[in-house]
Amino acid sequence: MGIWAILFLPLLVVGISGIIYIYRKVTQLMTKSAVRSKVVVITDGLSGVGKECAQVFHAGGARLILCGKHLDKLEALCDALNSAADPTTTFTPKLILLDLSDVRCIQDVAKEILDCYGCVDILINNASIKAKGTVQNIFSHILLSSFSSQHDLQENWSNCADSASKHAALGFFDCLRAELQEFGVCVSTVSPSFICSDHNQLQPKNCEGASWKNFFRKLAHGVRPTEVAEEILRTVNRKKQEVFMANPIAKAAVYIRTFLPEIFFAVVAAGVKEKQKIEVEN
């Protein structure tokens, strides 16, 4: 009796862990099978998230249409996908040149996308551009009734304009979701707090600087492109409307803003002052 009492807790932990592991594997297999033969358009297949999404959906048997600004890089990505997958269960991706900075080509690109398979089942709208001009540019991301893109702003723009572009995109997709619901179209938004992409993995020479400390703090709480791609796949399968990927503190801030707005804005204002102080010191 004494031995079983001692082993009960470890066995319980092992049993629960095994059940969770099996559940995740089964869910993963079911999720991938749900996109088999689906026509999936990735508006920026060359970004960190775009490449990971291409790998995840291609492995799931989706018919990919990869868009990007550089044909040679798209071809290299296509070769990598084909060499890493079973050709009997996957489809060779279609490649389309897309440069969002040239708005005049959007109509032609949309027609070219539809000509590939005649329809689009899933649109992963991860492309962005760096816009120069007035703040009105943040609202210029509406491409077509079924094709849209969020515009990122240059790093030297004000934080309020950058945040406004994110709110504008979310607001647009909220309206789009309501308008397309009667047609059976599901509109989902996946919002990572900070993506730890490959280009921001450089180690600074002066890691003690206040700005670098702030950078690595964001990096530590960020999410990998692989995690974002897996979440996008789950979101498509479960038809979630909104997904917010962040650490518990950032998620708690969403509820604080809703129920205790005075505290939220006071904390945000304090953070802005601290950042301005850091920029002055540097």
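## Close-up views of a predicted model

The protein has 9 helices and 8 strands. The model is predicted, and the legends below walk through it view by view.

**View 1. The whole chain sets the scene for the close-ups.** Of the 282 residues of the protein, 32% count as buried. The accessible surface comes to about 18,100 Å², with carbon and sulfur atoms holding 60% of that area. Among contacts with a separation of 6 or more, 63% join residues that are 24 or more positions apart.

**View 2. Confidence varies along the chain.** The average pLDDT is 77, and 72% of the residues score at least 70. Strand β2 has the highest confidence, at 95, while strand β6 (residues 152-153) has the lowest, at a mean of 32. Residues 132-158 stay under 50 in pLDDT, and the model gives this stretch 64 contacts beyond four places in sequence. A further stretch, residues 200-212, is also below 50, with 18 contacts in the model beyond near neighbours in sequence. Please keep those scores in mind when looking at either stretch.

**View 3. The largest nonpolar core draws on helices and strands.** This core has 24 residues, and those touching the most other members are Val40, Ile42, Cys53, Phe57, Leu64, Leu66 and Ile124. Two or more residues come from each of β1 (39-42), α2 (48-59), β2 (63-68), α3 (71-84), β4 (122-124), α7 (225-238) and β8 (242-245). Helix α2 gives the most, with 5 residues. Another core lies apart from this one; it has 12 residues, including Val41, Val109, Ile113 and Ala127.

**View 4. Isoleucine 124 and its contacts.** Residues up to four places away in sequence are left out of this view's contact list. Isoleucine 124 touches Val40, Val41, Ile42 and Thr43, along with Cys53, Phe57 and Ile232. Of these partners, Val40, Ile42, Cys53 and Phe57 are, like Ile124, among the core residues that touch the most other members.

**View 5. Alanine 54 sits in helix α2.** Is this residue buried or exposed? Alanine 54 is buried, because its relative accessible area is 0%. Setting aside residues up to four places away in sequence, alanine 54 touches Ile42, Leu64, Leu66, Leu77 and Leu81. Ile42, Leu64 and Leu66 also appear among the residues of the largest nonpolar core that touch the most other members. Valine 40 is 14 residues away along the chain, and its C-alpha atom is 9.1 Å from that of alanine 54.

**View 6. Threonine 90 makes a polar approach to the backbone.** Threonine 90 belongs to the loop between α3 and β3 (94-97). With a relative accessibility of 12%, threonine 90 counts as buried, because the cut-off for buried is under 20%. A polar atom of the threonine 90 side chain lies 2.8 Å from the backbone oxygen of aspartate 86. Beyond its neighbours within four places in sequence, threonine 90 is in contact with His58 and Ala85.

**View 7. Lysine 69 in the loop between β2 and α3.** Lysine 69 is exposed, with a relative accessible area of 55%. Which residues does lysine 69 contact, leaving aside its neighbours within four places in sequence? They are Leu46, Leu97, Leu98 and Asp99. For leucine 97, the C-alpha atom is 5.4 Å from that of lysine 69, although the two residues are 28 apart in sequence.

**View 8. Two residues with a positive phi, neither of them a glycine.** Serine 37 has a phi of about 70° and is placed in the loop between α1 (2-34) and β1. At 33% relative accessibility, serine 37 counts as partly exposed. Lysine 239 has a phi of about 55° and is found in the loop between α7 and β8. At 59% relative accessibility, lysine 239 counts as exposed, because the cut-off for exposed is over 50%.

**View 9. Cysteines without a disulfide.** A disulfide is a covalent bond between the sulfur atoms of two cysteines. How many disulfides does a search of the whole structure find? The search finds 0. Two cysteines are picked out here: cysteine 119 counts as partly exposed, at 29% relative accessibility, and cysteine 186 also counts as partly exposed, at 40%. Cys53 belongs to the largest nonpolar core.

Key:
Residues numbered from 1 in each chain as written. Predicted model: local features only at pLDDT ≥ 70, side-chain atom pairs only at ≥ 80, totals over all residues. Heavy atoms only, no water. Core = buried A, V, L, I, M, F, W, Y, C linked by side-chain atoms within 4.5 Å. Buried < 20%, exposed > 50% of the residue type's maximum accessible area, 1.4 Å probe, protein only. Helix = DSSP H or I, 4+ residues; strand = E, 2+ residues; numbered from the N terminus. Contact = heavy atoms within 4.5 Å. Areas by Shrake-Rupley, 256 points an atom, 1.4 Å probe, with all protein chains shown as cover. pLDDT = per-residue confidence, 0-100. Polar contact = N/O pair within 3.5 Å; in protein donor to acceptor, adjacent residues only side chain to side chain. Disulfide = S-S within 2.5 Å.
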